[in-house]
Each structure stands twice: as structure tokens, then as C-alpha cells.
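Thanks for sharing this one. Here are my notes, point by point, to read beside the model.

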Amino acid sequence: MTYIDQPCERCGSKKRISKTWTEKLETMRGVSILEISQIICTNEACQDLFDRNRAEELVKINERKLAKEEQDKIRRENVARSINERKKAKSAY
Ligand SMILES: [Zn+2]
């Protein structure tokens with residue numbers, strides 16, 4: 001088990017690295033390998049709360065994304081409609 005020096009900012013308990021993995025990141029200059037570690041709090045209640053908050057946040061982010069997509073769709077339709085109306089107005093002359 002690998003502990004890290006920094007205590008938990010929420011409850012002050014020790015934190016540990018639960019897992020590490022590498023991810024390939026393609027950049028302009030080539031592929032770089034990123035090492036990512038997931039750090040969790042050893043205080044289960046604290047970590048539980050964090051996980052729950054994070055899950056809620058993900059739901060919120062997703063909702064926001066859907067709302068934005070919906071708005072984009074409406075905007076696109078409006079633009080298409082106004083182009084059509086302009087065309088119609090022109091052909092009326
Ligand atoms: Zn904690």
C-alpha cells in the first residue's frame with residue numbers, strides 16, 4: 001500500500017494511492033505516456049461521500065451537456081428557418 005505525504009484536505013486522514021495506470025496522450029509532438037494515479041482517502045466515510053459527490057457532479061455535467069446540445073439544436077433549426085424565410089422573402093419580389 002502506498003501512502004502519500006499530503007493528508008486528506010477534507011478530513012485530515014491519510015491518503016493512499018489506490019491504483020496507478022498509464023494513458024497514452026497524443027500531442028502535436030508525438031505520443032507521450034502519462035502516469036495517472038488515483039488517490040483515495042483511507043477514511044472510508046470520507047471517501048464514500050467524495051464518491052457520491054463525484055457521481056452527482058457527473059450527472060450534473062451530463063445534464064448540462066444535454067441541455068447545451070438541445071440549445072444548439074434549437075439554434076441550428078432557427079438559423080435554418082431564418083435562411084428559408086429569407087429565401088422565401090426574396091423570391092416573393
Ligand atoms: Zn478524507
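**Notes on the model**

1. The C-alpha centres of domain 1 and domain 2 are 38 Å apart. The assignment places domain 1 at 1-42 and domain 2 at 52-93; such bounds come from an automatic or database domain assignment.

2. Please keep in mind that this is a predicted model, in which local features need pLDDT of at least 70, side-chain atom pairs count only at pLDDT 80 or more, and totals for chains, interfaces and linings use all residues. Residues are numbered from 1 along each chain as its sequence is written.

3. Confidence (pLDDT, the predictor's score for each residue, from 0 to 100) has a mean of 93 over the protein chain, with 99% of residues at 70 or more. Strand E1 (residues 2-4) has the lowest mean, 90, and H1 the highest, 94. Helices (H or I, at least four residues) and strands (E, at least two) are DSSP runs, numbered from the N terminus.

4. Three strands make an open antiparallel sheet, ordered E1-E2-E3. E1 and E3 (30-41) are the edge strands with a single partner each, so one side of each has no neighbour in the sheet. Strands count as paired if DSSP finds at least two bridges between them. Strand E2 (residues 15-27) and E3 are joined by twelve bridges, and Lys15 sits opposite Cys41 in E3.

5. Does the length of helix H1 (residues 44-92) agree or disagree with its residue count? It agrees: because 1.5 Å is expected per residue (times one less than the number of residues), its 49 residues should span 72 Å, and the end C-alpha atoms are 71 Å apart.

6. H1 is hardly covered, with zero buried residues among its 49. Buried means 20 or more other C-beta atoms within 10 Å of a residue's own, with C-beta atoms placed from the backbone.

Methods:
A residue is buried if 20 or more other C-beta atoms lie within 10 Å of its own, exposed if 12 or fewer, and partly exposed in between; C-beta atoms are placed from the backbone.
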